[in-house]
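Me: I am new to this structure and would like a close look at a single part of it. Please take one sheet and walk me through it.

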Amino acid sequence: MLEAKHLHKSYTLKEKNGWLSRRKQQIKAVNDLSLTIEKGEIIGLLGVNGAGKTTTIKMLSTLLAPTSGTISIDGINAVKQPELIKRRVNMIAGGERMLYWRLSARENLMYFGRLYGLNGNTLKQRCRALIDKVGLTEFADRPVERYSKGMKQRLQIARGLINDPDYLFLDEPTLGLDAPVARQLRVLVKSLAKEKNKGILLTSHYLEEVEELCDHVSIIEKGHLLLQGTPRRIIQTIVKDRSLIVVMKTLDKENWHWLKQETDKLGIHAQKKETNEGTRVDMKATFDMTSSFLALAQKRNLQLIRFDAKKPNLEDAIIRLTEVHD
Ligand SMILES: Nc1ncnc2c1ncn2[C@@H]1O[C@H](COP(=O)(O)OP(=O)(O)OP(=O)(O)O)[C@@H](O)[C@H]1O
């Protein structure tokens, strides 16, 4: 298990203050953050730009020392023994950093493998297996500068797996990728956790991706933990109301009055609107109204031409959370 406790990271900036003097300014990028990652689990780290996600990932991967706090990985103190930890973790960033453009995929992987002390046949075989795994077999010996964005990102994943890490930190892994390529990467990430038992921490601005992949999510703001839980629990905690939209070809005055009365009794707030499609009724409640509304519609034989019961998602929850904290 990876356990980070009470992590703090401050950056000191020196700003110009007049002609000659400089003023020191402290930025608290991470402020008392604790989180755990079990093997086989995918954890999402969410927050707006500048919330402290990349700084957290850099500390977990020992690229950056925390100002205070502890990180232990399978019982090893990561702050005191970073060399032991480096073999067990790896980080993959979205975008096009961390690869050598003039080198091919194979040469890149051989280079990074040697940095982890791998060599000879073991290294060659691992590179070949990883190239196959991420679907770059045909292009293995082509310079990376001639790769598409998706191919570069697949190579990043292979690079992140070169030391066969137990824990993998993914910073925006699908940034700027086309939908089908992003989908393939998501399948790969899921299989790394569920089949290869790796503990994964993921940051992403694509909330659907987080909802699909993550077992647990931590939401941070200004480096501080706001909320932790399963995506479902977070949605239930934050978004209390459900919405249901129905459209009928017509809804006469009498039926509307009856519907309004009945929905009021059930605790459903209903509003009527005439549209090009027909009469639209927007309903809001704190529970799933589907069956209650369908029973009412059946009683009066109301003919529905549209029925949209929208389940709140993680995006709704995050938007609601930011509104509360603004
Ligand atoms: N090297 C640095 N020196 C000074 N300040 C920094 C440095 N790196 C990050 N910061 C500041 O620390 C805070 C957290 O930055 P961080 O990059 O960790 O956020 P983030 O959540 O990853 O943001 P994004 O979603 O934009 O990548 C920000 O205020 C940022 O400006």
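In which sense do strand β11 and strand β13 pair, and over how many bridges?

Reply: A word first: this is a predicted model. Strand β11 covers residues 242-248, and strand β13 covers residues 279-285. The two pair in the antiparallel sense. Their pairing runs over 7 bridges. For one point of contact, look at L244, whose bridge partner in β13 is M283.

Now step back to the whole sheet. It is open and has 4 strands. Their order is β12-β13-β11-β14, and the pairing is antiparallel. The edges are held by β12 (269-274) and β14 (304-310). Each of these has a single partner strand, so one side of each is left without a neighbour in the sheet. Neighbouring strands here are turned by 15 degrees against each other on average, direction ignored.

Antiparallel pairing also appears elsewhere in the chain. β1 and strand β4 (residues 68-73) pair this way over 5 bridges. There, H8 stands opposite S68 in β4. β4 is also joined to strand β5 (residues 76-77), by 2 bridges, and those strands run antiparallel. I73 stands opposite I76 in β5. β4 and β5 form a hairpin, with 2 residues between them. D74 sits in the turn and has a positive phi of about 45 degrees.

β1 leads on to the ligand. The residues around the ligand include Y11, L13, K53 and T54. Elements giving two or more residues to this shell are β1 (2-16), β2 (22-37) and α1 (53-60). α1 gives the most, with 3 residues.

Key. Residues numbered from 1 in each chain as written. Predicted model: local features only at pLDDT ≥ 70, side-chain atom pairs only at ≥ 80, totals over all residues. Near = placed C-beta within 6 Å. Pairing = 2+ DSSP bridges. Axes fitted to C-alpha atoms, helices over the stretch in contact; angles between N-to-C directions.
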